[in-house]
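Reader: Could you walk me through this one? I'd like to start with the charged side chains and then move on to other things.

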Amino acid sequence: AIFNFQSLLTVILLLICTCAYIRSLAPSLLDKNKTGLLGIFWKCARIGERKSPYVAVCCVVMAFSILFMQ
């Protein structure tokens, strides 16, 4: 997934959506790790929460391109 740009974008979008979903279910799980290596998941959750319309549009566009372009 690192060398293919479309796969990298798919992995990043899935990471953002997964972290935002996990934070909505159990906020204390991600909030205790705001710094360090595990802070990446907290930052992805914040991006998913604050930029949710843009992330949703990117997910729809990515799904359309995977389903119909390949």
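Author: What follows is a short conversation about a predicted model, taken topic by topic.

Reader: How many salt bridges are there?

Author: The count comes to three salt bridges, and Arg23, Asp31, Arg46 and Glu49 are linked by them in a network.

Reader: OK, which residues does Arg23 pair with, and how far apart are the atoms?

Author: Arg23 forms one salt bridge with Asp31, where the closest N and O atoms are 2.9 Å apart, and another with Glu49, where the closest N and O atoms are 2.7 Å apart. The pair of Arg23 and Glu49 links distant parts of the chain, since Arg23 sits in helix α1 and Glu49 in helix α3, 26 residues apart.

Reader: And Arg46, what does its side chain meet?

Author: The side chain of Arg46 meets that of Glu49 in a salt bridge, at 3.5 Å from N to O. Both residues lie in helix α3, three residues apart, which is about one turn of the helix. In general, an α-helix has 3.6 residues a turn, so residues three or four places apart point the same way.

Reader: Is Arg23 buried or exposed?

Author: Arg23 counts as buried, because its relative accessibility is 16% and the cut-off for buried is under 20%. Its partners are partly exposed: Asp31 has 25% relative accessibility, and Glu49 has 32%. Arg46, at 24%, also counts as partly exposed.

Reader: What else is Arg23 in contact with?

Author: Leaving aside neighbours within four places in sequence, the contacts of Arg23 include Leu30, Trp42 and Ala45, along with the charged residues Asp31, Arg46 and Glu49.

Reader: Switching to helix α3, which of its residues are buried, and what do they pack against?

Author: The buried residues of α3 are Gly39, Trp42, Cys44, Ala45 and Gly48, and they pack against α1, α2 and α4. Helix α3 itself covers residues 39–50 and reaches 16 Å from its first C-alpha to its last, close to the 16 Å expected.

Reader: Where's the nonpolar surface patch?

Author: Phe5, Leu8, Leu9 and Ile12 make a nonpolar surface patch of about 340 Å². Phe5, which is found in helix α1, is exposed, with a relative accessible area of 59%.

Reader: Last one: where does UniProt place the transmembrane region?

Author: The unreviewed UniProt entry places a transmembrane region at residues 52–69. Over those residues the predicted chain is 94% helix and 0% strand, with the end C-alpha atoms 25 Å apart.

Technical notes: Residues are numbered from 1 along each chain as its sequence is written. This is a predicted model: local features need pLDDT of at least 70, side-chain atom pairs count only at pLDDT 80 or more; totals for chains, interfaces and linings use all residues. Side-chain values use heavy atoms; hydrogens and water are left out. UniProt positions are given in the numbering used here, feature names are shortened, and annotations may be inferred rather than shown by experiment. Helices (H or I, at least four residues) and strands (E, at least two) are DSSP runs, numbered from the N terminus. Contact means heavy atoms within 4.5 Å. Patches are made of residues with over 30% relative accessible area and no salt bridge: like charges are joined within 9 Å, nonpolar side chains (Val, Leu, Ile, Met, Phe, Trp, Tyr) within 5 Å. Accessible areas come from the Shrake-Rupley method with a 1.4 Å probe; for residues, only the protein chains shown count as cover. A salt bridge is a side-chain nitrogen of Lys or Arg within 4 Å of a carboxyl oxygen of Asp or Glu. Buried means under 20% relative accessible area, exposed over 50%, partly exposed in between (1.4 Å probe, protein chains only). The expected span of a helix is 1.5 Å times one less than its number of residues.
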